Structure formats: C-alpha cells, structure tokens
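Welcome, and thanks for taking a look at this one. Please have the chain open beside you as you read; the briefing starts with charged pairs and moves on through the fold.

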Amino acid sequence: MDFLHVHDLLIKKPNLLIALLDMTELDTWHPDVCQFQKLKSYQSLNLANTEKIIHVTKGVLLQQVNNADICKISVNAIWSTNDVIFHNVFHQNQYEYLAIGEVEIAIFDARLILDTLSKEPFFPDFLIDYNKRQQEEFFQFSYMLTKNIRDRVLDVMKRFSKKHPDGYMVPKRVNSLLLSKCCQATPATIKKALLDLKHEKRIIKKEQHLFIREEMT
C-alpha cells in the first residue's frame, strides 16, 4: 500500500511509529536514515520545507508557526519525551521548534521511513489509529481556547508539572513567556492571571517551588 493514497488518515497516533520501526529490518542508527541532535534550552530548530520525522527522545519541544505577514509566532503543539512529529510530510507549513530545557531528538528521513512502512502489512491499522489521535488533539486545543485565561494557565502548567503530595509541582522553566505562547495570550495577561491564581491560593509557593493545589482545580 502506497502511504500517499491514505495520507489523509495519518493525522493521529504518531507515537506508534517508533514501535513500528522496530518491526522492520531498517537500520535506524544509520546516518542516512537518522540524525541525532541535542538542543540547549530555548535553542531553535528550523527544518525549513524538508520532509522529516522528529522523535523527541528527551525534554519538551514547542512546535511554533511563524506568520511573517503579521509578525506573529504562535504555539501549534507541545511535544515531550517519546513524542513523534511529522514535519512537512503530508502538508507544507512553516513550522519552527523551540527547546524548553535541554532536548534530545532523532531526525529521520521521512520519505525513506514511510516508504519502508508502506510495504508492511500493519501500516493501514497504523494510519487509522494516527487519524483518531490527531482529531482528539485538535478538539482538545480548540476547547482550551474556549476557557478563561486562568483555566488555560492551570491546564498548561499541569501539562509540564509532576504529581506531588502537595498537588502538581511546577518546574522553574515554566515562566510567563512560555505560558504566553502555550495559552495564546500576552505575557502581561499571563502575569495578571498568575497573580490572581496565587491570591486565590490555587497556586501556592512552598520551599522555593510553585504547586498547583489539586483539590482547588
């Protein structure tokens, strides 16, 4: 099956890709197949219009859209460890990526990978699963934009945080700049929302760490 005939289905479950590659005979460590790269905190990755598959092996990566016409950069997605990203494979977009903390990635030649998978009998099932997940994420992102700014801030902070007996412990790298991009709001609006949340004690500071109080959200 040629994957181009069913590319409209491949919109969900990209994280299955790595497990599927393990079922093939492809040498994913060969430099013609995959390049490994480390990004420092807030370092950008710009792959232009090349067709690539990015596997985040460590850290958090923001996928951004640079709209040069209106001089605006907006966050399209948040990717973390073990996530897989299809970059300009099925449609062309001017995506850029920003590392939040130290990030390690593997960058695959998309055409070689998908041509290999297209010859495998499990590929149609993979496409269907991928489609379902992408649709769910689209509706989740759209739903987030219907919430007020404080609820958006809490949702995004939880996404980056770890569960803790005191609630959710927020990493220090989660600042107003990062939240403004993820919540589609200005840094000033985010700072105001954070002050309100602290005043309401929905966010508390304890031992130099911020915590989201789970029982209050």
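In this predicted model, the side chains of Asp196 and Lys192 form a salt bridge, with 2.8 Å from N to O. Both residues belong to helix H6 and sit four residues apart, about one turn of the helix. An α-helix has 3.6 residues a turn, so residues three or four places apart point the same way. As for the chain as a whole, its secondary structure consists of six helices and ten strands.

**The chain overall**

- The protein chain has 217 residues, and 41% of them count as buried.
- Its accessible surface is about 12,300 Å², with 52% of that belonging to carbon and sulfur atoms.
- Among contacts with a separation of 6 or more, 75% are between residues 24 or more positions apart.

**Salt bridges**

- How many salt bridges does the count come to? The count is five.
- Within the H6 pair, Asp196 is partly exposed because its relative accessibility is 23%, a value that lies between the 20% limit for buried and the 50% limit for exposed.
- Its partner Lys192 is also partly exposed, at 48% relative accessible area.
- Side chains of opposite charge can pair when their charged atoms come close.
- Glu51 and Arg111 provide another salt bridge through their side chains, at 2.8 Å from N to O. This pair links distant parts of the chain, 60 residues apart: Glu51 is in the loop between strand E2 (44-45) and strand E3 (52-67), while Arg111 is in helix H2 (residues 110-118).
- Glu51 counts as partly exposed at 25% relative accessibility, and Arg111 is partly exposed with a relative accessible area of 33%.
- The side chains of Glu200 and Arg150 meet at 2.2 Å, N to O, in a further salt bridge. Here too the pair links distant parts of the chain, 50 residues apart, with Glu200 in the loop between helix H6 (187-199) and strand E9 (203-206) and Arg150 in helix H4.
- Glu200 is partly exposed at 31% relative accessibility, and Arg150 is partly exposed at 27% relative accessible area.
- Which residues are linked with Glu200 in a network of salt bridges? They are Arg150, Asp151 and Arg202.

**Ser161 and its surroundings**

- Ser161 lies in the loop between helix H4 (149-160) and strand E7 (162-164).
- Is Ser161 buried or exposed? Ser161 counts as buried because its relative accessibility is 13%, and the limit for buried is under 20%.
- The Ser161 side chain comes to 2.5 Å from the backbone oxygen of Met157.
- A polar atom of that same Ser161 side chain is 3.5 Å from the backbone oxygen of Met169.
- Once neighbours within four places in sequence are set aside, Ser161 contacts Tyr168, Met169, Val170 and Pro171.

**Strand pairing around E10**

- Strand E8 (residues 167-170) runs antiparallel to strand E10 (residues 209-212), and three bridges join them.
- Tyr168, one of the Ser161 contacts, has Ile212 as its bridge partner in E10.
- E10 also pairs with E9 in the antiparallel sense, over four bridges.
- Which residue of E10 is the bridge partner of Ile204? The partner is Phe211.
- The hairpin of E9 and E10 has two residues between the strands, and Glu207 in this hairpin takes a positive phi near 55°.

**Helix H5**

- Why is helix H5 (residues 176-183) described as largely enclosed by the rest of the structure? The description follows because six of its eight residues are buried.
- Those buried residues are Ser176, Leu178, Leu179, Ser180, Cys182 and Cys183.
- At the start of H5, a side-chain oxygen of Asn175 comes to within 3.2 Å of the backbone nitrogen of Leu177.
- Gln184, just after H5, takes a positive phi of about 60°.

Note on methods: Residues numbered from 1 in each chain as written. Predicted model: local features only at pLDDT ≥ 70, side-chain atom pairs only at ≥ 80, totals over all residues. Heavy atoms only, no water. Buried < 20%, exposed > 50% of the residue type's maximum accessible area, 1.4 Å probe, protein only. Polar contact = N/O pair within 3.5 Å; in protein donor to acceptor, adjacent residues only side chain to side chain. Contact = heavy atoms within 4.5 Å. Areas by Shrake-Rupley, 256 points an atom, 1.4 Å probe, with all protein chains shown as cover. Salt bridge = Lys/Arg side-chain N within 4 Å of Asp/Glu carboxyl O. Pairing = 2+ DSSP bridges.
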